[in-house]
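Colleague: Please give me a close look at one part of this model, the arrangement of its chains. Then connect the other local features to that picture.

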Number of protein chains: 2
Amino acid sequence: MLMSAMPTTALARRMHALGHTGFTCATVREVEGMAAAGLGDDLLLANEVLDARRLGALVEAGARITVAVDSPETLAAAVAGGVREVLIDVCVGLPRCGCIPADAGPLADQARAAGLTVRGVMGYEGHVVGLEDRAEREAGVEEAMAILVAAHEAVGGDIVSGGGSGTWDLNQAVTELQAGSYLLGDTAYAKLGMPFEQALSVLGTVISVNRDGGWAVADIGLKSLGMDHGKPSLADPDDARVWITSDEHLTFGPAKGEAGPPARIGDRVRVVSAHVDPTVAYHERMHVTQGDEVVDVWPVDLRNW
Amino acid sequence: MLMSAMPTTALARRMHALGHTGFTCATVREVEGMAAAGLGDDLLLANEVLDARRLGALVEAGARITVAVDSPETLAAAVAGGVREVLIDVCVGLPRCGCIPADAGPLADQARAAGLTVRGVMGYEGHVVGLEDRAEREAGVEEAMAILVAAHEAVGGDIVSGGGSGTWDLNQAVTELQAGSYLLGDTAYAKLGMPFEQALSVLGTVISVNRDGGWAVADIGLKSLGMDHGKPSLADPDDARVWITSDEHLTFGPAKGEAGPPARIGDRVRVVSAHVDPTVAYHERMHVTQGDEVVDVWPVDLRNW
């Protein structure tokens with residue numbers, strides 16, 4: 001389970017109670033927070049760091065921490081910081097971290113020579129997880145995982161870690177699936193036709209309407225919504241159109257062919273972001289609801305750096 | 001000064017020490033934080049609220065609070081919450097809050113009949129503050145402010161509040177300028193040719209390079225950058241190109257015609273966002289530097305809701 005998609009130990013605890021013991025983190029702070037919450041059975045920092053001392057301190061304290069390495073520098077940082085287990089991070093097509101495939105074997109040898117345990121490989125096919133055409137997505141996964149499997153043969157170890165919510169049922173190569181977004185959902189993942197419900201929305205109140213212009217304004221803005229994947233959507237009414245998202249406001253108009261304003265002052269609106277990960281990270285807490293009743297509050301305790 | 005652009009009382013305190021006593025807020029939390037910091041001489045909530053009780057409590061405690069109203073509902077909320085002073089918020093062309101101009105006078109009458117003091121009008125020309133062509137920006141300001149000045153005649157009071165960093169020297173109609181972004185800057189405002197230096201950047205470290213692909217990866221991502229105005233830019237080296245911004249990573253390539261990778265592992269990079277307001281809000285603190293030395297740390301204490 002990938003913590004960076006919903007950085008809250010509350011959700012991780014529920015997964016843990018269901019038997020889930022391995023968690024993937026993207027930041028040192030996420031790893032520290034998970035360990036502090038007693039969820040340190042098997043934590044992977046699926047990211048490169050040049051200072052692993054805070055991770056090493058967690059190992060000293062009894063947590064099991066594995067860190068991704070993709071260069072002699074990050075390998076040296078793991079050793080210097082006191083982390084004892086690594087995955088070799090391999091670039092499988094996404095222009096981001098990961099060594100070039102030819103370097104994976106030699107890097108694993110270097111890690112073992114330095115006294116580290118190499119648990120296997122990691123490679124994230126992030127360039128294909130969002131492709132809306134399923135056949136394209138499948139072909140992309142196949143190509144990326146062929147690279148990772150070949151690297152795994154050169155590296156050894158038990159673990160092949162990769163995949164994401166968008167490729168959860170297509171990626172048969174991995175032994176560990178780095179999926180997290182499926183738990184809460186967003187409009188980008190909703191386009192992929194996956195069998196997961198969209199659970200997350202930002203609840204706002206209509207504070208202004210303009211009868212001449214035919215629009216309404218809710219008190220939700222871009223400070224509270226991940227905007228990199230595009231504009232948010234209104235969940236209810238789902239046919240209303242978002243015109244503008246500014247710092248603390250969202251302006252929306254009526255459905256096509258209808259007259260505005262599309263809401264009245266005081267109406268509640270549910271807004272769904274196009275990208276769940278930053279949306280959660282921008283909030284202090286999530287309210288868990290059943291119908292209109294708040295049944296729990298989850299602090300977003302792993303956000304920030 | 002507009003707090004939502006840089007939600008920190010540290011910066012407000014410096015402005016206050018320089019004689020600046022009036023501050024414009026966008027959220028109740030900003031107003032509360034400013035009052036708690038002893039900066040409650042004259043706080044405007046330039047936004048509509050349907051529950052003004054937390055504002056009324058600040059008035060009781062001795063702060064001077066003015067709230068924008070644009071409807072009978074928000075006016076009633078001010079009365080019920082115990083706020084005694086209002087501005088009539090008028091729509092001057094931006095599809096957001098503000099009553100239609102014809103309603104401004106009647107709404108002011110209604111406010112006075114309810115026992116409120118109407119201090120004047122507010123109207124934000126947010127649809128023109130970012131226009132890159134100065135002549136277009138000037139024409140837009142003129143058109144918007146003609147609406148606001150006419151509304152002011154109908155409303156009365158001493159205050160005409162509006163404007164922003166992009167129209168600071170073009171807007172001659174206002175008595176209070178709602179500018180804040182100019183203090184820290186972003187790449188969108190940098191295009192307007194204003195005489196303010198760009199002070200804000202996010203400092204990251206290169207954690208991975210790919211010699212085959214020619215790219216480098218820094219540990220700064222979209223969770224730490226306002227993305228609604230588009231991709232961030234690298235300040236140093238300023239000719240490097242940003243390829244991808246993901247949750248916790250920024251991938252950048254070499255300058256045109258040059259071979260990559262454009263940086264080495266461990267290099268520091270300064271990234272400038274396209275929108276300063278959310279960028280500041282996504283961080284817990286800002287580090288104030290002179291050269292490479294950190295001379296102060298400012299908590300972003302007014303963020304969240």
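Modeller: Chain B is superposed on chain A by a rotation of 180° with 0.0 Å of shift along its axis, at an RMSD of 0.0 Å; the fit is by least squares on the C-alpha atoms of residues with pLDDT of at least 70 in both copies. The two copies are therefore related as by a two-fold rotation axis. This is a predicted model, in which local features need pLDDT of at least 70 and side-chain atom pairs count only at pLDDT 80 or more, while totals for chains, interfaces and linings use all residues. Residues are numbered from 1 along each chain as its sequence is written, and chains are lettered from A and ligands numbered from 1 in the order in which they are written.

On confidence, the predictor assigns the complex an ipTM of 0.95 and a pTM of 0.95. Chain A has an average pLDDT (the predictor's confidence in each residue, from 0 to 100) of 95, and 99% of its residues score at least 70.

The contact between the chains draws on 46 residues from chain A and 46 residues from chain B; two residues are in contact if their C-beta atoms, placed from the backbone, lie within 7 Å. On the side of chain B that touches chain A, the elements giving two or more residues are α4 (72-81), β8 (202-210), β9 (215-218), β11 (241-246), β12 (249-253) and α8 (276-281). Helices and strands here are DSSP runs, numbered from the N terminus (H or I, at least four residues, for helices; E, at least two, for strands). By residue class, that side of chain B has 18 nonpolar, 16 polar and twelve charged residues. Nonpolar means Ala, Val, Leu, Ile, Met, Phe, Trp, Tyr, Cys and Pro, charged means Asp, Glu, Lys and Arg, and the others, Gly among them, are polar. Since 100% of the interface residues of chain B are also interface residues in chain A, the copies meet through the same surface.

Within chain A, the domain assignment gives domain 1 (3-182) and domain 2 (202-272), with bounds that come from an automatic or database assignment. The C-alpha centres of these two domains of chain A are 38 Å apart.

Strand β8 (residues 202-210) of chain A holds Gly204(A). Gly204(A) counts as buried because it has 20 C-beta neighbours inside 10 Å. The cut-offs are 20 or more other C-beta atoms within 10 Å for buried, 12 or fewer for exposed, and anything in between for partly exposed, with C-beta atoms placed from the backbone. Apart from neighbours within four places in sequence, Gly204(A) is in contact with Ala218(A), Asp219(A), Ile220(A), Leu250(A), Val269(A) and Val271(A). Of these, Val271(A) is 67 residues away from Gly204(A) in sequence, yet their C-alpha atoms are 7.5 Å apart.

Two helices of chain A can be described in similar terms. Helix α2 (residues 28-36) has seven of its nine residues buried, so it is largely enclosed by the rest of the structure. Val28(A), Glu30(A), Val31(A), Glu32(A), Gly33(A), Met34(A) and Ala35(A) are the buried ones, and they pack against α1 (9-17), β1 (22-25), β2 (42-45), α3 (53-60) and β3 (65-69) of chain A. Gly38(A), just after α2(A), has a positive phi of about 80°.

Helix α6 (residues 134-155) of chain A has 22 residues and spans 31 Å from first C-alpha to last, close to the 32 Å expected at 1.5 Å a residue; the expected span is 1.5 Å times one less than the number of residues. Its buried residues include Arg137(A), Val141(A), Met145(A), Leu148(A) and His152(A). Their cover includes β4 (85-89), α5 (101-113), β5 (117-123) and β6 (159-162) of chain A. Just after α6(A) comes Gly156(A), with a positive phi of about 85°.

The remaining backbone features occur in both chains. Most residues other than glycine have a negative phi, and most peptide bonds are trans. The bond from Gly260(A) to Pro261(A) is cis, with omega near -5°, and the bond from Gly260(B) to Pro261(B) is cis with omega near -10°. Pro261(A) sits in the loop between β12 (249-253) and β13 (268-272) of chain A, and Pro261(B) in the loop between β12 and β13 (268-272) of chain B. Asn304(A), not a glycine, has a positive phi of about 70°; Asn304(B) has a positive phi near 70°. Asn304(A) lies in the segment after β15 (293-299) of chain A and is partly exposed, with 17 other C-beta atoms within 10 Å.
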